[in-house]
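Visitor: Please take one part of this structure and go through it closely. I would like to see how the strands of a sheet are put together and what lies around them.

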Amino acid sequence: MSIETAVVVGAGHAGVELVHSLRKDGFEGRVVLVSAEPEFPYQRPPLSKDFLKGGGTNLLLLKAEALYEKMGIELMRGRHVEEIDRDARLVRLDGGETIGYDRLALATGARNRRPPIPGLDDPVVLELRDLADSRRILERLDGLDRVAVIGAGFIGLEIAAFLAGKGKHVEVVELASRVMARAVSEPISDYFLAHHRGMGTTIRLETGVTEIVHRGDNSVQVVLSDGSAIDAAAVLLAAGVVPNVELAVAAGLEVNDGIVVDEFLRTSDPAIAALGDCASFPCAYLGGDYVRLESVQNANDQARLIAKQWMGAEAPYTALPWFWSHQGEARLQIAGLGLGYDQTVLRGDPAEHKFSVFLYRGGKLIAVESLNASADHMAARKLIEKGTNVPPETAADPATELKKLIVK
Ligand code: FAD
């Protein structure tokens, strides 16, 4: 079937890369990109890093504003897709307007998870998912002498590092027994715990927030599961995200945590693809187990694959997952997925603030986490991608030149 109109819902990293890849790959039909956000599409990772540090003056766009028109991409900003009519193959926007499609991609991303904590709706509670959130944090910065952060994941800790760097008193509360537990190995959690404490931040592990009590003077008391409380001028909620799947659910597509896709990133309706933070896909690096990844790499690589597929080149999604996070002076890069690791091997010395952790499962190298060690990361990406198994003693030996192990 020839594709005349491609419609993409959501203009984050995934949606924008998809429409631009389609044009780069030679698609000549109509391309519509519907974006709920009013701004020209921008890069999300800097919102908790350089954008905050730069005081909000350095927004990075995903593509130059002029490129959309130049490439014939109809970018509809500040518009929301309300409904998908799969039988008629059209989407209905807020206001009732409809757009027909031959191929539709759902790149609806994720939104912050809001745990059922009484008092969470208080205006002192801030969060960070989009540009407006980041700007709100900056507007409030002067008054934020004491901040409680709920969640020691990547975003909570990136913001904690920023605030601590500004001389603020920061207390992080985390339910798990270590920081970033969902995504990194124990040695990396240990390093970052010490790193943040070294910046003056208090981190309380295995502790929950039970209530946020407003005190009437623009401050709150954050009541904790151990009966203690934190006095704070603001609370930063960073308790993870939930995928935006409501459109897919209403359209009768299969959903399980994310919008379920096959290895070609097609939903249960072959005319509809899903990608990025909202999609749950069978991962080649997990033996085909389903996973939903929240990373720029995943959004971009999935977008490029779908564009090629819509242009007629059918291939399964097998890109290697990789990720990064900057927290103060600590630059973490992760190649591969460490889920289910049973052995860790240290390369370098954490005391020197430059090292990597090699993660193995059943003797097989599955991931490498590098701290201020980009050369290790770049080599690790190639090694894991090519399935080269680096024996633990070889990985640990500082004399090993990892890039020389890459099979050409
Ligand atoms: P999103 O970027 O969430 O975009 C989805 C878009 O779809 C949103 O604009 C949403 O409003 C819109 N939308 C949803 N529903 C509709 C609808 N019905 N109609 C129209 N539009 C709709 N990743 C990294 O790899 N490294 C990092 O260092 C890193 N740092 C991050 C820091 C922050 C503060 C955040 C929030 C994320 C960070 N991430 C990082 C994660 C990364 O940004 C995401 O994985 C990536 O943005 C996912 O892209 P996406 O296009 O799938 O979704």
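Guide: What follows is a walk through one open sheet, then its pocket, and then some features elsewhere in the chain.

This is a predicted model, in which local features need pLDDT of at least 70 and side-chain atom pairs count only at pLDDT 80 or more, while totals for chains, interfaces and linings use all residues. Residues are numbered from 1 along each chain as its sequence is written, and side-chain values use heavy atoms, with hydrogens and water left out.

The sheet is open and has 5 strands in the order 23-24-27-26-25, with antiparallel pairing. Its edges are strand 23 (322-327) and strand 25, each of which pairs on one side only. From one strand to the next the twist averages 15 degrees. Helices (H or I, at least four residues) and strands (E, at least two) are DSSP runs, numbered from the N terminus. Two strands pair if DSSP finds at least two bridges between them. Strands of a sheet pair through backbone hydrogen bonds, either parallel or antiparallel.

Consider the pairings in turn. Strand 24 (residues 330-336) is joined to strand 27 (residues 364-371) by 5 bridges in the antiparallel sense. Across this pair, isoleucine 334 has glutamate 369 of strand 27 as its bridge partner, and glutamine 333 has serine 370. Strand 27 is mostly covered, with 7 of its 8 residues buried; buried means under 20% relative accessible area, exposed over 50%, and partly exposed in between (1.4 Å probe, protein chains only).

On to strand 26, which pairs with strand 27 over 7 bridges, again antiparallel. These two strands form a hairpin with 2 residues between them, and glycine 362 in the turn has a positive phi of about 55 degrees. Strand 25 and strand 26 are likewise antiparallel and joined by 7 bridges. Their hairpin has 4 residues between the strands, and here histidine 353 in the turn has a positive phi of about 60 degrees. One bridge pair links leucine 346 to valine 357 in strand 26.

One residue of strand 26 deserves its own paragraph: leucine 359. Leucine 359 counts as buried because its relative accessibility is 0%. It stands opposite alanine 367 in strand 27. Beyond its neighbours within four places in sequence, leucine 359 is in contact (heavy atoms within 4.5 Å) with Ser185, Gly338, Tyr341, Gln343, Thr344, Lys364, Leu365, Ile366, Ala367 and Glu369. Leucine 359 and glycine 336 are 23 residues apart in sequence, and their C-alpha atoms are 9.3 Å apart in space.

A helix also belongs to this picture. Helix 6 (residues 186-198) lies across strand 23, strand 24, strand 25, strand 26 and strand 27, and runs at about 165 degrees to strand 24. Axes here are lines fitted to C-alpha atoms, for helices over the stretch in contact, and angles run from 0 to 180 degrees between N-to-C directions.

Two of these strands also help to line a pocket. Strand 25 (343-349), strand 26 (354-361) and helix 9 (374-385) each supply at least two residues of the lining of the second largest pocket. This pocket holds about 180 Å³ of space. Its lining is made up of Arg347, Gly348, Glu352, Lys354, Phe355, Ser356, Ala373, Ser374, Ala375, Asp376 and Pro398. By class, that is 4 nonpolar, 3 polar and 4 charged residues. Ala, Val, Leu, Ile, Met, Phe, Trp, Tyr, Cys and Pro count as nonpolar, Asp, Glu, Lys and Arg as charged, and the others, Gly among them, as polar.

On a 1 Å grid over the protein atoms alone, a pocket is an open set of points with protein on both sides within 12 Å along at least five of seven lines, a cavity is a set where a 1.4 Å probe fits but cannot get out, and lining residues have an atom within 4 Å of a point. Grid points are joined across faces, edges and corners, and a volume is the space filled by probe spheres set on the points.

The whole structure has 2 cavities of 30 Å³ or more. The largest cavity has a volume of about 50 Å³, and its lining includes Ala11, Glu37 and Arg44. The second largest cavity, at about 40 Å³, has 8 nonpolar, 3 polar and no charged residues in its lining, among them Phe281, Leu293 and Tyr317.
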